[in-house]
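Here's a quick walk through one model, starting from a single side chain and working outwards to the sheet and the helices packed on it. Have the viewer open while you read.

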Amino acid sequence: MADTVITRSGTLDKYIGDCVMAFWGAPLENHRHATLCVRAAIDAQRAIQELNQRRLAENASLETENITRLAAGLPPKPPLRALQLGTGINTGLVTVGLMGSEKHQYSYTVFGREVNVASRLEGVSGSGRIIISETTYQHLLRDDSALAATCVELPPVTVKGIQDAVRIYEVPWQNK
């Protein structure tokens, strides 16, 4: 996931449990930040899909190996599970910079309402989906109309900490 962020000119912020947080447009300004972010999310979903295909192939050979292991009185090796990725993307003004204190850890990061919305949209996305906000969609319309044309508007969602419902869109990413 980190590679897709870097390849698409993003800033890798941090790992939070099973999440990767990244942002675009800082420290270097980039007017196509929304498109690059969405393209990175598509790349990440496709990378997970390819990894899962390899894991399923490994599971097939693992079944054969487990027959031999069981015959030898050894416990079977567990199958590799498929991995899932959900992505939430929002575009807007945030505070960016070196946060923390002299006594404790510093971190170059972003915070603000728009970061919270992105986090909440990640929660809405579930598995295998890319959910973007109306603002991100508007940037796609301006900068990559072909990609915007593939997006599917979903019913607005109410998310924790945000008073008004958020208009959202799903970005299809499967290779056709």
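Leaving aside residues up to four places away in sequence, Glu114 touches Asn90, Thr91, Gly92, Leu93 and Val94. Keep in mind that this is a predicted model. Glu114 sits in helix H3. Is Glu114 buried or exposed? Its relative accessibility is 18%, and since the cut-off for buried is under 20%, Glu114 counts as buried. One of its contacts, Val94, is 20 residues away in sequence, yet the C-alpha atoms of the two are 6.4 Å apart in space.

Gln45 makes a handy companion case. This residue belongs to helix H2 and is buried, with a relative accessible area of 2%. Again not counting residues up to four places away in sequence, Gln45 touches Leu85, Gly86, Thr87, Gly128, Arg129, Ile130 and Trp173. Here are the two side by side:

| Residue | Helix | Relative accessible area |
|---|---|---|
| Gln45 | H2 | 2% |
| Glu114 | H3 | 18% |

**The sheet**

Now for the strands. Four of them form an open sheet in the order E3-E6-E8-E7, and the pairing is mixed. E3 and strand E7 (152–157) are at the edges with a single partner strand each, so one side of each has no neighbour in the sheet. From one strand to the next, the twist averages 30°.

Within that sheet, E6 and E8 run antiparallel and are joined by three bridges. If you want a spot to click on, Ser133 stands opposite Ile168 in E8. Helix H3 (residues 113–125), the one that holds Glu114, packs on the sheet and touches E3, E6, E7 and E8. The direction of H3 makes about 145° with that of E3.

There's another strand pair to look at. Strand E4 (residues 95–100) and strand E5 (residues 106–111) are paired antiparallel over six bridges, and a hairpin of five residues connects E4 to E5. In this pair, Gly97 stands opposite Thr109 in E5.

**Helix H4 and its neighbours**

Which residues of helix H4 (residues 134–143) are buried? They are Thr136, Tyr137, His139 and Leu140. Looking down the axis of H4, these buried residues fall within an arc of 160°, so they line one face of the helix. What do they pack against? The list is helix H2 (33–71), strand E3 (87–89), strand E6 (130–133), helix H5 (145–150) and strand E8 (166–170). As for how H4 is laid out, the helix lies across E3, E6 and E8 and runs at about 90° to E6.

The H2 contact deserves its own paragraph. Two packed helices are described by the angle between their axes and the distance between the axes. For H2 and H4, the axes come within 8 Å and cross at roughly 105°. The range for roughly perpendicular is 65 to 115 degrees, and H2 and H4 are therefore roughly perpendicular to each other. On the H2 side, His33, Ala34, Thr35 and Val38 take part, and they meet Thr136, His139, Leu140 and Asp143 in H4. Sorted by class, that contact has three nonpolar, four polar and one charged residues. Thr136, His139 and Leu140 are also among the buried residues of H4.

Note on methods: Residues are numbered from 1 along each chain as its sequence is written. This is a predicted model: local features need pLDDT of at least 70, side-chain atom pairs count only at pLDDT 80 or more; totals for chains, interfaces and linings use all residues. Side-chain values use heavy atoms; hydrogens and water are left out. Buried means under 20% relative accessible area, exposed over 50%, partly exposed in between (1.4 Å probe, protein chains only). Helices (H or I, at least four residues) and strands (E, at least two) are DSSP runs, numbered from the N terminus. The arc is that of the directions from the helix axis to the C-beta atoms. Contact means heavy atoms within 4.5 Å. Two strands pair if DSSP finds at least two bridges between them. Axes are lines fitted to C-alpha atoms, for helices over the stretch in contact, and angles run from 0 to 180 degrees between N-to-C directions. Angles under 35 degrees count as roughly parallel, over 145 as roughly antiparallel, 65 to 115 as roughly perpendicular and the rest as oblique. Ala, Val, Leu, Ile, Met, Phe, Trp, Tyr, Cys and Pro count as nonpolar, Asp, Glu, Lys and Arg as charged, and the others, Gly among them, as polar.
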